[in-house]
Amino acid sequence: MKIFLDTADISEIREAASWGIIDGVTTNPTLVAKTGRKFAEVVRDITAIVDGPISLEATSEDAEGLVAEARVLSAIHKNVVVKIPITTEGLKAIKRCRAERIKTNTTLIFSANQALLAAKAGTNYVSPFIGRLDDQGQVGMDLVRELVTVFFNYEFDCEILVASIRHPIHVLSAAMLGADICTVPFDVLKKMVGHSLTDVGIARFKKDWAKIPK
Ligand code: G3P
């Protein structure tokens, strides 16, 4: 499974990239706004650190506007993937972007039918927001399970990018289901590395190493 970092924070991206496990980055307007930095500078920094798909979000409501934004965003760097929300206008934009070889990530997916339509329109990635489903009392991972089945049945040229991840169990469950990608916030990534027994083990080995005559 590929792991993307779900952040626009450059220090987080630099640190996680140095661990050698980051395949791409996803952003959205909320994440970029949090940095307080200029959009162009944030994007320049991300593309300089990570050589993999970088999702940047288009915010227009009509297809015309979405395609116009997609052209501008995709021209920034070869790795840019344009996030397009799943709406009827979004579907029209996805189809046109595909024709222009602009990669798209269909975002704000909350049902398998939305993902099915996005895949048929030609999107490259679908992003089910599982944490937001959990937040309102639905089991977000059920959506990932449905998507894995649907995409396996029809061999769409489209990857399942599990988003809105809240904790390490989300990542593990998505991996066990065979999702293509998880986009993970940095705090969740740190929790995936750590374990209290690892810390205890390191401390014990260090202590015992000191006892060995050298
Ligand atoms: O990148 C989009 C997605 O991961 C957002 O997550 O935590 O705002 O639901 P969240």
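How do the residues of the lining of the largest pocket divide into nonpolar, polar and charged? In this predicted model, the division is seven nonpolar, seven polar and eight charged.

The largest pocket has a volume of about 400 Å³. Its lining comprises 22 residues, and those nearest the pocket centre are D6, N28, L31, K34 and P185. Two helices, α2 (29–35) and α10 (186–193), each contribute at least two lining residues. Of the lining, the largest share comes from α2, which supplies four residues.

The surroundings of the ligand can be described next. The residues around the ligand are D6, N28, K83, F129, R132, A163, S164 and R166. For three residues, the distance from a polar side-chain atom to an oxygen atom of the ligand is listed below.

| Residue | Ligand atom | Distance |
|---|---|---|
| D6 | oxygen | 2.5 Å |
| N28 | oxygen | 3.4 Å |
| K83 | oxygen | 3.2 Å |

D6 and N28 thus appear both among the residues nearest the centre of the largest pocket and among those surrounding the ligand.

A further residue of interest is S55, located in strand β3 (residues 54–57). S55 counts as buried because its relative accessibility is 2%, and the cut-off for buried is under 20%. The S55 side chain forms a polar contact of 3.1 Å with the side chain of N105. When neighbours within four places in sequence are set aside, S55 is in contact with V25, T26, T27, V81, K83 and N105. One of these contacts, K83, also belongs to the group of residues surrounding the ligand.

Methods: Residues numbered from 1 in each chain as written. Predicted model: local features only at pLDDT ≥ 70, side-chain atom pairs only at ≥ 80, totals over all residues. Heavy atoms only, no water. 1 Å grid on protein atoms, 1.4 Å probe; cavity = no way out; pocket = protein on both sides within 12 Å on 5 of 7 lines; lining within 4 Å. Points joined across faces, edges and corners; volume = space filled by probe spheres on them. Nonpolar A, V, L, I, M, F, W, Y, C, P; charged D, E, K, R; others polar. Buried < 20%, exposed > 50% of the residue type's maximum accessible area, 1.4 Å probe, protein only. Polar contact = N/O pair within 3.5 Å; in protein donor to acceptor, adjacent residues only side chain to side chain. Contact = heavy atoms within 4.5 Å. Near = heavy atom within 4 Å.
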